[in-house]
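Got your viewer open and ready? Let's take a walk through this model one selection at a time.

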Amino acid sequence: MASPSTASPSDPTRAPGIHLSGEALMGLRHLARRGTSPATRTLAGLPGGIVTRRRGRGSEPDDVRLWSEGDDRRHIDRNATARTGILHVRTHHDERDRAVVLLVDFRPSMLFGTRRALRSVAAAEALVLLGWRVAGDGGRVGLVAVGAGEPVVVRPAGGERAMTAVTGALAMAHAQALADASTKDPPLSRALTLAQSLLPSGGHLVLGTALDDPGEDFDALLTIMAERLSIRLVLVSDAFERTRPPGFYPFATPDGRRGTVQASRADRGAPGADARLVAYAQRGIEGLRLDVEAGPEAYAPLMERLDAVL
């Protein structure tokens, strides 16, 4: 398969859903911020569709205002009160210095899709939506894009410049992944260790992957890392994996083996994404299912929910 950087206009790697465009990922910024406001950005969520306010007064000083009935006397600002002779209270806001690393799986097994896009493209779209939200709220965003070759790394930074670096790196990494698609999946453990090195204790790691052949030590390493980091899983799911229409399907493996498999109506394929998410949740690693065919419009509210608990 030709690299997208050298492909002709008719090359299928330039088709939407296969080729990953940095410009398109930059354009998701407006979709990520749709429907948000300063009020909603000061809310924090619990898992589910309802966003609730954080409890407590926060730790960062925000403003000084006149006392009003119902204010806590512990928040009286002595300096302003002494200076004016009128009771003043100091307000606070929640300090959210968030460092988030997006780990996006571009290994050969992710270069698969039966509707709308490859699983790799869907993972990138969803995590970029999350990245734009985090950057827009003042957080720092980094990236580890793992394919068959060397991982592509962007250290966590803030603002639009950070997201420009992330989207450009994703497009470059995906083009390289398409060029290397004939190789086997490397284990994800190295990428996990690399992502951990980019984050302070209490930082946030978000994985966008289908978890095909993650490696023997993946689960053990992820569980250990969850003691130091907040880890969330975006489990990418293609429609064909969830429901396989009956028929005969040809296949080819990276080692050159070819054949045909038959799927019957009773065949439900591999264990479902939902069951895998439940198993990880029991180990303290929450996640959500990302349906490839749904597209960025449907991903935006999912990433809003995920953003609320980071």
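Start by selecting β5. Ala99, Val101, Leu103 and Asp105 point one way from this strand, while Val100, Leu102 and Val104 point the other way, and all of them are buried. With seven of its seven residues buried, β5 is largely enclosed by the rest of the structure. Keep in mind as you go that this is a predicted model.

**The sheet around β5**

Now bring in β6, residues 140-146. β5 and β6 pair in the parallel sense, over seven bridges. To see one of those pairings, select Val104, whose bridge partner in β6 is Ala145.

Stay on Ala145 for a moment and look at its link to β7: there its bridge partner is Val152. Five bridges join β6 to β7, and these two strands run antiparallel. In general, strands of a sheet pair through backbone hydrogen bonds, either parallel or antiparallel.

Zoom out and show the whole sheet. Six strands form an open sheet with mixed pairing, in the order β7-β6-β5-β8-β9-β12. Which strands stand at the edges? They are β7 (152-158) and β12 (286-291); each has a single partner strand, so one side of each is left without a neighbour in the sheet. Turn the view to follow the twist, which averages 15° from one strand to the next.

**Helices on the sheet**

Next, select helix α4, residues 119-136. This helix packs on the sheet and touches β5, β6, β8, β9 and β12, and its direction makes about 170° with that of β5. Then add helix α10, residues 296-308. α10 lies across β8, β9 and β12, running at about 175° to β12.

**A close look at Ser120**

Go back to α4 and pick Ser120, which is found in that helix. Is Ser120 buried or exposed? Its relative accessibility is 0%, so Ser120 counts as buried. Show the side chains here: that of Ser120 makes a polar contact with the side chain of His174, at 2.7 Å. Setting aside residues up to four places away in sequence, Ser120 touches Asp105, Phe106, Met110, Leu111 and His174. You have met Asp105 already, as one of the buried residues of β5.

**Two helices together**

Select helix α5, residues 159-179, along with helix α1, residues 22-33. They pack at an angle of about 145°, with their axes 8 Å apart, and their crossing is right-handed. To light up the contact, pick Gly22, Leu25, Met26 and Arg29 on α1, then Glu160, Met163, Thr164, Thr167, Leu170 and Ala171 on α5. Colour these by class and you'll get five nonpolar, three polar and two charged residues.

**Over to Glu293 and Arg116**

Next stop: Glu293, in the loop between β12 and α10. This residue counts as partly exposed because its relative accessibility is 26%. What does Glu293 touch, not counting residues up to four places away in sequence? Its contacts are Arg115, Arg116, Ser237, Ala239 and Arg242. Try the distance tool too: the C-alpha atoms of Glu293 and Asp238 are 7.1 Å apart, although the two residues are separated by 55 residues along the chain.

Follow the contact to Arg116, which lies in the loop between β5 and α4. Arg116 is partly exposed, with a relative accessible area of 37%. Check its backbone: phi is near 70°, a positive value in a residue other than glycine. Most residues other than glycine have a negative phi.

**Leu211 and Ser189**

For another positive phi, jump to Leu211, where the value is near 60°. Leu211 sits in the loop between β8 and α7 (218-225), and at 3% relative accessibility it counts as buried.

Finish the residue stops at Ser189, in helix α6 (residues 189-197). Ser189 has 13% relative accessibility, so this residue counts as buried as well. Apart from neighbours within four places in sequence, Ser189 is in contact with Pro214, Asp217 and Leu221.

**Step back**

Finally, show everything. The chain has ten helices and twelve strands, and of its 310 residues, 42% count as buried. Among contacts between residues at least 6 apart in sequence, 72% join residues at least 24 apart.

Note on methods. Residues numbered from 1 in each chain as written. Predicted model: local features only at pLDDT ≥ 70, side-chain atom pairs only at ≥ 80, totals over all residues. Heavy atoms only, no water. Pairing = 2+ DSSP bridges. Helix = DSSP H or I, 4+ residues; strand = E, 2+ residues; numbered from the N terminus. Axes fitted to C-alpha atoms, helices over the stretch in contact; angles between N-to-C directions. Contact = heavy atoms within 4.5 Å. Left-handed = near helix turned anticlockwise from the far one by under 90°. Nonpolar A, V, L, I, M, F, W, Y, C, P; charged D, E, K, R; others polar. Buried < 20%, exposed > 50% of the residue type's maximum accessible area, 1.4 Å probe, protein only. Polar contact = N/O pair within 3.5 Å; in protein donor to acceptor, adjacent residues only side chain to side chain.
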